[in-house]
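Work through these exercises with the structure in view. Try each task before reading its solution.

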Amino acid sequence: MRLDLFSDVADLTAAIVDIESVSGAEGPLADAVEEALRALPHLAVERDGNNVIARTDLGRPERVVLAGHLDTVPLNGNLPSRMEGDRLYGCGTTDMKSGVAVALRLAATVTEPTRDITYVFYECEEIEAERNGLRQLAATRPELLAGDFAVLMEPTGAHIEGGCQGTMRIEVTAKGERAHSARAWMGSNAIHTAGQILDVLRAYEPARPVVDGLQYHEGLNAVFIQGGVAGNVIPDECTVTVNYRFAPDKSLAEAEAYLREVFEGFDVKVTDAASAARPGLTHPAAAAFVESVASGGTEVRAKLGWTDVARFSELGVPAVNYGPGEPTLAHTKDEYVEMPLIADCETRMRTWLS
């Protein structure tokens with residue numbers, strides 16, 4: 001399939017949505033994106049797996065990176081796309097093929113930007129981190145992601161969302177002693193003891209720190225609980241899996257230290273973690289983006305979740321999330337994007353880059 005990058009951004013979004021690209025099967029869409037970008041003489045294009053990178057090289061004093069993932073979650077009877085009024089329905093419309101369409105339109109039509117631009121369209125964002133295309137590029141070709149500032153075209157409802165929260169999952173284990181349930185007093189019930197873990201979670205008051213002028217809202221929640229041996233045995237172990245979403249004023253080490261303090265007296269094991277990212281809005285390139293794009297009532301707010309802006313942060317590149325999709329609709333069967341927001345995002349981004 002071929003993409004016409006000079007078509008209306010709404011039509012381009014629909015065309016991209018209709019090229020199925022569930023995680024791990026982005027090949028056909030990456031092929032179409034690569035073919036369309038290679039036809040543009042002002043861009044240098046590279047392909048790495050199903051990651052497509054296009055760059056201007058105009059000698060500008062600043063370089064910005066515009067990035068978007070090509071993959072979607074599995075289909076749910078929501079392809080092909082369909083239009084109803086100003087809404088385009090279909091898998092990936094909001095997360096994040098409408099953002100990809102904006103970036104592709106800009107790549108085709110902003111031929112003399114005031115800043116050099118790197119466009120990155122990558123694979124496998126919606127699945128395990130080891131397969132994430134942006135992570136692979138950061139590890140093997142970090143020079144392709146270098147820049148003074150980055151915009152990840154994630155769904156934000158056309159608002160600027162700075163940085164992202166970190167996430168950490170831990171297993172908190174209560175210990176006991178097995179016994180026959182008819183003689184429970186001879187043992188110690190670990191599931192009962194785990195109630196103390198739940199008491200800590202119920203009493204938790206979320207921190208709301210302000211980082212670079214944006215207020216974050218932390219969260220500490222049980223997401224799994226496992227325990228028990230048999231119907232007639234007092235259990236000697238019960239494990240509560242807890243997810244901590246923390247603001248970018250904490251490092252991974254500080255987040256872990258905090259959790260070990262909160263659950264002191266229990267065994268704590270970290271099973272998964274990803275760093276937070278500061279908004280970096282004080283950087284001149286970021287400030288210029290906010291000044292240009294946020295005019296006319298666009299809200300600037302904290303990103304309450306984890307996104308790949310954290311990968312740019314690890315490379316020393318301040319980054320924000322900005323895209324036309326509505327984040328609360330991501331991954332739903334009736335996912336849609338408001339067409340006027342796609343055009344609005346394109347216009348604002350074009351003004352900033354021009």
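**Exercise 1. Locate D212, describe its phi, and decide whether it is buried, partly exposed or exposed.**

Step 1. D212 sits in the loop between strand 11 (210-211) and strand 12 (214-215).
Step 2. Its phi is near 50°, a positive value in a residue other than glycine. The model is predicted, so this angle is a computed one.
Step 3. The relative accessible area of D212 is 29%. Buried means under 20% and exposed means over 50%. D212 is therefore partly exposed.

**Exercise 2. Do the same for A158.**

Step 1. A158 lies in the loop between strand 7 (149-152) and strand 8 (160-162).
Step 2. Phi of A158 is positive, about 65°, although A158 is not a glycine.
Step 3. A158 has a relative accessible area of 6%, so it is buried.

**Exercise 3. Find two cis peptide bonds and say where they fall.**

Step 1. One joins L79 and P80, with omega about 0°. P80 is in the loop between strand 3 and strand 4.
Step 2. Another runs from D95 to M96, with omega near -5°. M96 belongs to helix 3.

**Exercise 4. Place T72, judge its exposure, and list what it touches.**

Step 1. T72 is in the loop between strand 3 (63-69) and strand 4 (82-84).
Step 2. Its relative accessibility is 2%, so T72 counts as buried.
Step 3. Leave out residues up to four places away in sequence. T72 then touches S21, V22, S23, C91, G92, K97 and E126.

**Exercise 5. Work out the sheet that holds strand 4, and name its edges.**

Step 1. Three strands form an open, antiparallel sheet in the order 4-5-19.
Step 2. Strand 4 and strand 19 (336-338) are the edges. Each has a single partner strand, so one side of each has no neighbour in the sheet.
Step 3. Neighbouring strands of this sheet are turned by 25° against each other on average, direction ignored.
Step 4. Strand 4 and strand 5 (residues 87-89) are antiparallel and joined by 3 bridges. Within this pair, E84 stands opposite R87.
Step 5. Helix 3 (residues 93-109) lies across strand 5 and strand 19, at about 50° to strand 19.

**Exercise 6. Which strands does strand 2 pair with, and is strand 2 largely enclosed or open?**

Step 1. Strand 2 pairs with strand 1 (residues 44-48) in the antiparallel sense, over 5 bridges. E46 stands opposite I53 in strand 2.
Step 2. These two strands make a hairpin with 2 residues between them. There G49 takes a positive phi near 65°.
Step 3. Strand 2 is also joined to strand 6 (residues 116-122), antiparallel, by 4 bridges. The bridge partner of A54 is Y119 in strand 6.
Step 4. Of the 5 residues of strand 2 (residues 51-55), 4 are buried, so the rest of the structure largely encloses this strand.

**Exercise 7. Trace the sheet that contains strand 13.**

Step 1. Its 4 strands run in the order 13-15-9-16, as an open sheet with antiparallel pairing.
Step 2. Strand 13 (219-227) and strand 16 (267-274) stand at the edges. Each has a single partner strand, so one side of each is left without a neighbour in the sheet.
Step 3. The twist averages 20° from one strand to the next.
Step 4. Strand 13 meets strand 15 (residues 237-246) through 8 bridges, running antiparallel. N221 stands opposite N243 in strand 15.
Step 5. Now turn to the record. An unreviewed UniProt entry places the feature "domain: Peptidase M20 dimerisation" at residues 166-264. Over residues 166-264 the chain is 24% helix and 37% strand. The end C-alpha atoms of that stretch are 22 Å apart.

**Exercise 8. Check the span of helix 10, then name its buried residues.**

Step 1. Helix 10 (residues 339-353) has 15 residues. At 1.5 Å a residue, it should span 21 Å.
Step 2. Its end C-alpha atoms are 22 Å apart, which agrees.
Step 3. The buried residues of helix 10 are M339, I342, C345, E346, R348, M349, W352 and L353.

**Exercise 9. Sum up the protein chain.**

Step 1. The chain has 10 helices and 19 strands.
Step 2. Buried residues make up 52% of its 354 residues.
Step 3. The C-alpha trace spans about 80 × 45 × 40 Å along its principal axes.

How values were computed
Residues numbered from 1 in each chain as written. Predicted model: local features only at pLDDT ≥ 70, side-chain atom pairs only at ≥ 80, totals over all residues. Heavy atoms only, no water. Buried < 20%, exposed > 50% of the residue type's maximum accessible area, 1.4 Å probe, protein only. Contact = heavy atoms within 4.5 Å. Pairing = 2+ DSSP bridges. Axes fitted to C-alpha atoms, helices over the stretch in contact; angles between N-to-C directions. UniProt positions renumbered as here; feature names shortened; annotations may be inferred. Expected span 1.5 Å × (residues − 1).
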